[in-house]
Amino acid sequence: MPLLVQNKKIERLRSTAGLFAKHPHFQENAKAFRAKALENVDTKCLLYVQQREFAATTPADKSVTVLGSDDATTCHLVVLRHTGSGATCLAHCDGSSTWTEVPSIVKAVTTLSGKASGGRLELHLIGGFDDDRKTSHQLSLNLLAAFQKQEEDIHLVTCCITGVNVKTGDVFPATFSRRGPAEELRSAQTFIGRQMVEIYDSSKELVKIGPCEWSPNRELIFWLTQDDITILQYLSTSPMAEPPHFVQHIKMTIQFLLEHPSADSLFPGGLPQTFRRTECGAWEREAEQ
């Protein structure tokens with residue numbers, strides 16, 4: 001079925017400018033969205049989604065109230081929500097495998113929705129930083145095209161999103177003081193080039209990380225000796241738009257990979273690391289079985 005805007009199907013777009021020209025309300029809505037004050041999300045109710053990850057849950061979830069992500073410069077943050085069931089998925093897409101990622105996002109929401117009566121699938125999308133290489137422009141078009149290929153009717157509602165409240169469906173700009181659990185491990189997985197993965201089992205309210213593999217690479221030491229400008233220039237797709245913590249985050253990730261030249265010890269028995277929300281609101285790793 002087609003992708004819909006204001007209950008009318010849209011044709012395949014050749015440019016994002018064409019989308020905004022035909023539907024100027026997106027620009028007005030984006031301006032209003034950007035005018036909102038940033039909300040500092042309480043980590044006790046947050047599940048943070050990193051690059052090349054997605055997570056889905058429902059309002060019945062007692063461990064997660066907010067799905068959130070940030071630092072999307074040339075990346076796109078995608079939220080798909082079923083208004084009847086309240087099932088919601090947040091994905092942080094970088095264009096690595098858009099055509100396989102979008103069906104997974106849709107399946108995550110429709111599976112959690114079951115046979116919910118009424119409601120519709122609503123899509124919220126951020127366009128990304130307008131870099132010289134037009135990386136974001138192509139990703140925008142690919143995401144729109146991929147959603148158009150899905151069997152379900154999907155309604156494009158907004159084009160500006162960084163956080164979503166899974167209880168109410170409220171979409172809001174947000175900041176996050178923590179990006180766990182297992183931030184370093186998850187960042188390392190992305191750094192080595194893993195594909196998009198689902199990190200949350202809402203039926204058990206568990207975060208699941210890995211398992212994965214990587215090979216020792218002592219050449220990474222080179223980057224720890226470089227200045228910030230060099231790291232930005234060569235390891236970022238948008239050096240002029242990165243947040244202040246970007247370089248430190250990259251160095252932290254590289255240091256983690258150097259300290260763990262093999263991932264074997266991180267996943268005993270080839271099993272994933274699992275984390276459950278404690279009564280005090282922290283994510284705590286479960287003991288190995």
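The following paragraphs go through the strands, helices and cysteines of a predicted model. Local features are reported at pLDDT of at least 70 and side-chain atom pairs at pLDDT 80 or more, while totals for chains, interfaces and linings use all residues. Residues are numbered from 1 along each chain as its sequence is written, and side-chain values use heavy atoms, without hydrogens and water.

Helices (H or I, at least four residues) and strands (E, at least two) are DSSP runs, numbered from the N terminus. Two strands count as paired if DSSP finds at least two bridges between them. Strands of a sheet pair through backbone hydrogen bonds, in either the parallel or the antiparallel sense.

One open sheet is built from eight strands in the order β2-β1-β10-β9-β7-β8-β5-β14, with mixed pairing. Its edges are β2 (8-9) and β14 (197-198); each has a single partner strand, so one side of each has no neighbour in the sheet.

Within this sheet, strand β9 (residues 121-125) is largely enclosed by the rest of the structure, because five of its five residues are buried. Here buried means under 20% relative accessible area, exposed means over 50%, and partly exposed lies in between (1.4 Å probe, protein chains only). Both faces of β9 are covered: Leu121, Leu123 and Leu125 are buried on one side, and Glu122 and His124 are buried on the other.

On one flank, β9 pairs with strand β7 (residues 76-82) in the antiparallel sense over five bridges. Several residue pairs mark this register: Val78 stands opposite Leu125, Leu80 has Leu123 as its bridge partner, and Arg81 stands opposite Glu122. β9 is also joined to strand β10 (residues 154-158) by four bridges, and these two strands run parallel. Leu123 faces Leu156 across that pairing.

Strand β7 is mostly covered as well, with seven of its seven residues buried. His76, Val78, Leu80 and His82 are buried on one side, and Leu77, Val79 and Arg81 are buried on the other. Six bridges connect β7 to β8 in the antiparallel sense, and Arg81 stands opposite Thr88 of β8. The hairpin of β7 and β8 has five residues between the strands, and Gly86 in this hairpin takes a positive phi near 80 degrees.

Before β7 comes a loop that links it to β6 (66-68), and Thr74 lies in that loop. Thr74 counts as buried because its relative accessibility is 6%. Its side chain makes a polar contact with the side chain of Thr237 at 2.5 Å. A polar contact is a pair of N or O atoms within 3.5 Å; within protein, one must be able to donate a hydrogen and the other to accept it, and residues adjacent in sequence count only if both atoms are side-chain atoms.

Two helices are placed against the eight-stranded sheet. Helix α2 (residues 25-34) lies across β1 (3-5) and β10, running at about 50 degrees to β10. Helix α4 (residues 135-148) packs on the sheet and touches β1, β7, β8 (88-93), β9 and β10, its direction making about 20 degrees with that of β7. Contact means heavy atoms within 4.5 Å. Axes are lines fitted to C-alpha atoms, for helices over the stretch in contact, and angles run from 0 to 180 degrees between N-to-C directions.

A helix pair is formed by α5 (residues 183-191) and α8 (residues 246-259), which pack at an angle of about 90 degrees with their axes 9 Å apart. That makes α5 roughly perpendicular to α8; the categories are roughly parallel under 35 degrees, roughly antiparallel over 145, roughly perpendicular from 65 to 115, and oblique for the rest. In this packing, Glu183, Glu184, Leu185, Ser187, Ala188 and Phe191 of α5 meet His249, Ile250, Met252, Thr253, Ile254, Phe256 and Leu257 of α8.

Another open sheet has four strands in the order β15-β16-β17-β18, with antiparallel pairing. Its edge strands, β15 (200-201) and β18 (283-285), each pair on one side only. Two bridges link β15 to strand β16 (residues 206-209) in the antiparallel sense, and Tyr200 stands opposite Val207 in β16.

Last come the cysteines. The structure holds zero disulfides, a disulfide being a pair of cysteine sulfur atoms within 2.5 Å. For Cys45, the nearest cysteine sulfur is that of Cys280, 14 Å away. For Cys89, the nearest is that of Cys93, 8.6 Å away. Cys89 counts as buried because its relative accessibility is 0%.
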